[in-house]
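Me: I'm trying to learn how to read a protein model, and I'd like a close look at one small part of this one. Could you start there and then work outwards?

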Amino acid sequence: MVNSSLQQVTIGLVNPKTPVNVGGIMRAAGCYGVDNVCYTGKRYELAAKSGDAQYDVDTKDAAKRIPLTGVESLLDSVPDGATIVCVDLVVGATPLPLFSHPDNAFYIFGPEDGTIPQQLIDAADDVVYVPTVGCMNLAASVNVLLYDRLAKMSQIKADDELIKQSRDNNNRTKVKHWLKSL
C-alpha cells in the first residue's frame, strides 16, 4: 500500500517507554505507508541509548526511510490539514470497527503504562478505541489501527505481485490451487 498525495498518515506517540515498541511501530509504519512518526518525552531516548534494541523488530529497516522525530508538543506537530485522532481506552470513544478514517490523519497513541493526556483528548477531532478484553501492547495497537485503515480503504492494491514484494526472502510458498493453474 502506498499513500497517494491526498493521503497523509502521521503517528504521534505520547512519551513511549520501550525501544522494542517503537521499533514495532516503525515496522508497522513501513508496512502500512505511514509518512512520519513523532514522539514526546525522554523515556524512549534514554532506553534507546542502551543499544540498537529498537530495531530488532524493524527487520525491514523502515526507520531508515520514515522520519522518527522527538518533539516537545504533539499538538504543535500536527501536519497541515490533518484530522487528530486519539486512540486509547477512553470513556465515550468510538469503537474502531465503527470508525471512518480521514484521508489526512494524525493518530495519537498513549504510553505503554499510561493514557493520553486530557488536553490532547480535548483537542482531538475523534477518539477511538480497539474493543478488546484488556489493553493491548502499544505496537500492537498501532498495527491494528493501521490495518483497520487499510481494510476500510476503497482502493487497495492486493495481488500476487504485492505478496512477492512484501514477503520475507525465505518465503516462496504458494497456494496449492494456484500451482495447478501454471
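Is Thr-10 buried or exposed, and what is its relative accessible area?

Reply: Thr-10 is buried, with a relative accessible area of 3%. Keep in mind that this is a predicted model. Thr-10 sits in strand E1. If you skip residues up to four places away in sequence, Thr-10 touches Val-34, Asn-36 and Cys-38, plus Pro-79, Ala-105, Phe-106 and Tyr-107.

One of those names, Phe-106, makes a handy stepping stone. Leu-74 also touches Phe-106, and the C-alpha atoms of Leu-74 and Phe-106 are 9.5 Å apart although 32 residues separate them in sequence. Leu-74 belongs to the loop between strand E3 (68-70) and E4. Even in a loop, this residue counts as buried, at 3% relative accessibility. Its other contacts, again leaving out residues up to four places away in sequence, include Gly-12, Leu-13 and Val-14, along with Cys-38, Thr-40, Ile-108 and Leu-120. So both Thr-10 and Leu-74 touch Cys-38 and Phe-106.

Now zoom out to the nonpolar cores. In soluble globular proteins, nonpolar side chains tend to be buried together. Here the largest nonpolar core holds 31 residues, and the ones with the most contacts inside it are Ile-11, Val-37, Tyr-107, Phe-109 and Leu-146. The elements giving two or more residues to this core are strands E1 (8-13), E2 (36-39), E4 (83-87) and E6 (104-109), together with helices H1 (19-31), H2 (43-48) and H4 (138-151). H4 gives the most, with six residues. Phe-106 turns up again in a second, separate core of 15 residues, which also includes Ile-84, Cys-86 and Ala-93.

Val-37 is a nice residue to click on in the largest core. Leaving aside neighbours within four places in sequence, Val-37 is in contact with Ile-11, Leu-13, Ile-25, Met-26 and Ala-29, and also with Ile-66, Pro-67, Leu-68 and Thr-69.

Next, follow H4. This helix has 14 residues and reaches 20 Å from its first C-alpha to its last, close to the 20 Å expected at 1.5 Å a residue. At its start, a side-chain oxygen of Asn-137 comes to within 2.8 Å of the backbone nitrogen of Ala-139. The buried residues of H4 are Leu-138, Ala-139, Ser-141, Val-142, Leu-145, Leu-146, Asp-148, Arg-149 and Leu-150. An α-helix has 3.6 residues a turn, so residues three or four places apart point the same way. The buried residues of H4 pack against E1, H1, E4, E6 and strand E7 (126-129). That list brings you back to E1, where Thr-10 is found.

Did you spot Asp-148 among the buried residues of H4? Its relative accessible area is 13%, and its side chain meets that of Lys-152 in a salt bridge (2.9 Å, N to O). Lys-152, at 36% relative accessibility, counts as partly exposed.

Side chains of opposite charge can pair when their charged atoms come close. The count for this model is three salt bridges, and Asp-113 is the residue to look at next. One partner is Lys-17, with 4.0 Å from N to O. Asp-113 lies in the loop between E6 and helix H3 (118-123), and Lys-17 in the loop between E1 and H1, so this pair ties together parts that are 96 residues apart in sequence. Another partner is Arg-43, where the closest N and O atoms are 2.8 Å apart. Arg-43 is in helix H2, so that pair ties together parts 70 residues apart in sequence. Shared partners join Lys-17, Arg-43 and Asp-113 into one network. Each member of this trio is partly exposed: Asp-113 has a relative accessible area of 46%, Lys-17 is at 39% and Arg-43 is at 27%.

Last, a word on the cysteines. The model has zero disulfides. Cys-86, which you met in the second core, is buried at 0% relative accessible area. Cys-135, by contrast, is exposed at 67%.

Conventions. Residues numbered from 1 in each chain as written. Predicted model: local features only at pLDDT ≥ 70, side-chain atom pairs only at ≥ 80, totals over all residues. Heavy atoms only, no water. Core = buried A, V, L, I, M, F, W, Y, C linked by side-chain atoms within 4.5 Å. Buried < 20%, exposed > 50% of the residue type's maximum accessible area, 1.4 Å probe, protein only. Helix = DSSP H or I, 4+ residues; strand = E, 2+ residues; numbered from the N terminus. Contact = heavy atoms within 4.5 Å. Disulfide = S-S within 2.5 Å. Expected span 1.5 Å × (residues − 1). Polar contact = N/O pair within 3.5 Å; in protein donor to acceptor, adjacent residues only side chain to side chain.
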